[in-house]
Every structure is written in structure tokens, then in C-alpha cells.
Amino acid sequence: MGANKVVDVDGHIMEPSDLWEKNLEPQYRDRALRIAKEEEGLEYLEIDGKKSDVINGGTLGGFGGIGSTWEERRDIWFKSGAIDYEDARPAAARDPHARIKWMDERGIDVCLLYPSLGISWETECSDPKLAAAYCRVYNDWLVDFCKPYPDRLVPVAHISVMDVEEGVKEIKRAAKLGMKGVYLFSHPANGTPYGNRYYDSLWAEAQELVMPIGIHVSNTPKFWGHHLYSGGFAAGLWFFNMMYHGDCLLAFTSFFEEAVFERFPSLKVGVVEVGCGWIAHWLEFMDAKYKMVGFDTEMKHLPSEYFERQCFISGETDERAFAAMAQLVGAQKLSWGSDYPHVEGHADPLKELKETIGSLSQADQRKIVGENALKLYNLSQS
């Protein structure tokens with residue numbers, strides 16, 4: 001692969017639909033995460049025996065919808081006869097050998113892997129013990145998925161922090177399994193902001209284990225702006241897709257508000273799958289408000305200084321603002337993700353990325369394409 005590795009920091013797998021029914025601990029088996037169907041034949045996600053308020057209406061096929069047309073999404077997915085989840089699972093989302101083939105064809109050396117079903121259940125599960133059990137099943141499966149290619153497929157642990165001590169136990173276990181980072185649901189399932197000291201034991205553990213925290217877009221009925229329009233994928237599609245990005249910004253900002261980076265100066269926290277075009281404005285805005293009323297926080301430095309020391313952002317490969325963000329906040333803070341195989345994913349991401357950041361110096365391009373991610377996740381350079 002050579003010295004200049006290409007690293008995709010936001011790839012996805014599509015978990016087997018019966019993963020939890022087969023592998024959940026016996027005392028939770030009858031409450032397994034599963035896919036069920038409404039009377040009219042449309043799939044929905046069942047969480048702790050209840051129909052999801054978000055993932056319903058035959059939308060699960062969208063997790064495998066990369067490359068689909070607008071007409072296909074409109075006319076097929078959201079009505080009787082929709083593409084089922086299992087039918088939509090491309091080989092490269094369910095088989096590690098096929099994933100490597102897909103990566104090789106696109107010039108990608110390393111891929112960090114996030115869930116699909118797993119980004120959709122946390123705020124609809126009220127039992128922290130069950131949430132922890134869901135995570136254990138997924139993390140075990142993902143580690144096994146990546147085992148054939150340990151230098152190329154990198155498992156990111158799903159850690160539920162509804163009960164922070166359960167989260168601490170699981171991050172320790174995940175690190176021993178060889179997982180390299182943490183997927184953090186974008187909306188706190190227990191309603192407590194991530195900056196709150198309640199989570200300090202988890203941030204301390206993540207810092208000690210050198211496990212970066214990735215705040216990733218997630219599906220929740222409590223999405224930012226839900227009080228204006230209710231419904232998930234099957235209702236208010238455009239608004240929902242706009243607003244779940246807001247959850248990530250709010251979660252990210254709470255780390256600054258309550259001075260997490262002051263207490264944990266080596267903790268790494270970033271935002272994944274929200275694009276990068278917002279970050280320069282947000283840093284400037286946070287700094288301006290800190291200069292005005294920062295005395296009301298525990299921060300001792302400008303937010304942009306904490307960002308430079310401890311944060312990272314993943315951009316989308318087709319963002320016209322990508323190169324501008326590298327110039328404004330530094331190429332060393334940026335990486336990229338394919339989001340394969342989701343409907344908003346990029347079918348030929350590296351080709352697209354090279355066009356997007358082609359105006360930057362070769363040194364800056366190398367940082368974004370792979371060097372930053374290798375350093376951040378402590379991955380092999382060779």
C-alpha cells in the first residue's frame with residue numbers, strides 16, 4: 001500500500017437483521033433489536049418490543065441505497081413492495097472480502113466501520129442494561145467482521161452512555177478486542193448533555209485508551225427541531241435529514257460549554273458525516289461568544305484553541321467548501337468519509353475527493369486523504 005495510505009473514516013456495514021435475535025444474552029432475547037413488518041408489508045425497526053417512531057414505513061432499504069436515483073427512492077422505498085433491508089444489503093456491506101474488493105477498486109487502503117441499524121435505536125431504548133447488551137452483540141460481531149483484514153478494516157465501537165458505568169465497562173472491553181474508536185450517538189439518550197460531569201469517567205477512560213470519540217449522525221424521534229415537524233424517515237423526509245445534523249453540532253458544542261477539553265486535555269472528539277463546511281463559521285462564532293460571555297463557562301482558552309488541540313472533522317467528498325475549510329482551520333484537522341453503502345454515500349469517493357481538494361498543496365492533500373486519520377486512530381503507517 002505504500003507510505004501514502006488512503007483512509008476512509010466513515011464507512012458502514014449493514015448488520016444481519018437477525019444479529020440480536022441470535023446473539024443477545026438469553027435474559028434479553030425476547031427484547032431483541034429486530035426488523036418486523038406492518039400489515040401492508042412495510043418494514044420497521046423493533047426496539048425493545050416496540051415499533052420505532054423513526055425507522056418505519058419501509059425505509060430500511062435506504063441503508064443500502066448508494067447510487068440509487070431520486071425516482072427509485074420516491075417510487076419504491078416508501079410504499080408496499082419497498083426494497084427490504086436484506087435485499088438491499090450489497091455484498092461489500094455484509095462480507096469483509098467483498099468490502100476489500102470494493103475498496104481496492106476505488107483505491108482505498110483503510111476503512112473505519114460504523115453501524116447502520118445501530119445508528120437508529122438509542123433514544124428509543126429506555127433500559128440502559130438492554131442498551132449495553134445491544135452494544136456488546138454488535139461490537140463482538142464487528143470485531144469478527146474485521147478480523148480477516150486487521151490492517152485495513154478498523155472497527156469503531158458502539159458505546160451507549162445512557163448509564164455511564166455501563167459505557168466505561170464496554171469501552172474497556174472494546175479496547176481489549178482491538179477496537180480503535182467510539183461511535184457516540186448524536187443525541188444523549190438519557191437527556192444529559194455530553195459536557196456534563198456525569199460522563200467524566202468515560203472521557204477519562206477514552207483518553208487513557210487513546211480512543212477518539214466520533215459524534216456521528218443518528219436517527220431519533222427527538223431530533224433537533226422535532227417540535228416543529230414530527231415523524232422520521234417516512235414523514236417529513238427533507239426536514240428530518242436537515243435537522244439530525246443539528247444534533248451533532250449541539251452535542252459537539254456541549255463539550256466546549258462544560259469544559260470537557262479543559263479536564264481531559266488529551267481526549268480526541270470529532271464530528272462525522274455532517275460535512276466540514278460549517279466548522280470555520282462555528283469556531284469563529286464560538287470564539288466571539290466566549291470573548292463576550294465566556295466568564296460563565298469553565299473554559300480557560302478560546303474554543304478554537306481547544307479545537308486545534310483536540311478535535312477533528314470529517315468532510316464529504318463532494319463538498320465545494322472542503323478546500324476552503326482546509327485553508328481556514330488547517331488541513332491537519334480534516335479527514336473524509338465515503339458513507340458507503342448508505343443512500344447519501346459516495347460511490348467513487350477518492351476520485352471525487354481529489355477533484356474537490358485538488359487546489360491544495362500536495363502536503364495538505366496527503367493529510368486529508370490519509371495521514372490525519374492514521375495519526376488520530378494510531379494506525380499503522382506501513
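**Group meeting: contacts, core and loops in a predicted model**

Let me begin with one residue, Asp 84, which, if we leave aside its neighbours within four places in sequence, is in contact with Lys 37, Glu 43 and Gly 61. Please keep in mind throughout that what we are looking at is a predicted model. Asp 84 sits in the loop between α2, residues 70-77, and α3, residues 85-88, and its side chain makes a polar contact with the side chain of Lys 37, at 3.0 Å. Is Asp 84 buried or exposed? Its relative accessibility is 17%, and since the cut-off for buried is under 20%, Asp 84 counts as buried.

From there I would like to go to the interior. The largest nonpolar core has 127 residues, and the ones with the most contacts inside this core are Trp 20, Trp 203 and Phe 252. Which helix gives this core its largest share? That is α6, residues 128-146, with 12 residues. As for Trp 20, if we do not count residues up to four places away in sequence, its contacts are Glu 15, Arg 29, Ala 32, Leu 33, Leu 117, Tyr 134, Val 137 and Tyr 138.

Trp 203, which I named a moment ago among the residues with the most contacts in the core, belongs to helix α8, residues 200-209, where Asp 200, Leu 202, Trp 203, Glu 205 and Ala 206 are buried. The buried residues of α8 pack against α7, against the strands β7 (181-185) and β8 (213-216), and against the helices α9 (237-257) and α10 (260-263). Just after α8, Val 210 takes a positive phi of about 55°.

Now to the way helices pack on one another. Two packed helices are described by the angle between their axes and the distance between the axes. For α6 and α7, the latter being residues 164-176, the angle is about 10° and the axes are 10 Å apart, and so α6 is roughly parallel to α7. On the α6 side the contact is made by Lys 129, Ala 132, Cys 135, Arg 136, Asn 139 and Asp 140, and on the α7 side by Glu 166, Glu 170 and Arg 173.

The second pair is α11, residues 279-293, with α12, residues 303-310, whose axes come within 8 Å and cross at roughly 135°; α11 is therefore oblique to α12. Here the contact brings together Ile 279, Leu 283, Met 286, Asp 287 and Tyr 290 of α11 with Pro 303, Ser 304 and Phe 307 of α12.

A word on the cysteines. A disulfide is a covalent bond between the sulfur atoms of two cysteines. How many disulfides does the structure hold? The number is zero, and for Cys 146 the nearest cysteine sulfur, that of Cys 111, is 8.6 Å away. Cys 146 counts as buried, at 4% relative accessibility. Why is Cys 248 without a bond to the closest cysteine, Cys 311? The reason is distance, because its sulfur lies 14 Å from that of Cys 311, which is too far for a bond. Cys 248 is buried as well, with a relative accessible area of 0%.

Finally, the loop between β11 (334-337) and α14 (349-356), where His 342 is found. The loop also holds Asp 339 and Pro 341. Asp 339 has a phi near 60°, a positive value in a residue other than glycine, and it is buried, with a relative accessible area of 0%. Between Tyr 340 and Pro 341 there is a cis peptide bond, with omega at about 0°. His 342 is buried too, at 3% relative accessibility. Not counting residues up to four places away in sequence, His 342 touches His 12, Gly 62, Phe 63, Gly 65, Ile 66, Pro 115, Ser 116 and Ile 119. Its C-alpha atom is separated by 8.8 Å from that of Gly 67, although the two residues are 275 residues apart along the chain.

One more backbone detail before I stop concerns Asp 48, in the loop between β3 (43-47) and β4 (50-51). Its phi is near 50°, again a positive value in a residue other than glycine, and Asp 48 is buried, with a relative accessible area of 14%.

Note on methods. Residues numbered from 1 in each chain as written. Predicted model: local features only at pLDDT ≥ 70, side-chain atom pairs only at ≥ 80, totals over all residues. Heavy atoms only, no water. Helix = DSSP H or I, 4+ residues; strand = E, 2+ residues; numbered from the N terminus. Buried < 20%, exposed > 50% of the residue type's maximum accessible area, 1.4 Å probe, protein only. Polar contact = N/O pair within 3.5 Å; in protein donor to acceptor, adjacent residues only side chain to side chain. Contact = heavy atoms within 4.5 Å. Core = buried A, V, L, I, M, F, W, Y, C linked by side-chain atoms within 4.5 Å. Disulfide = S-S within 2.5 Å. Axes fitted to C-alpha atoms, helices over the stretch in contact; angles between N-to-C directions. Parallel < 35°, antiparallel > 145°, perpendicular 65-115°, else oblique.
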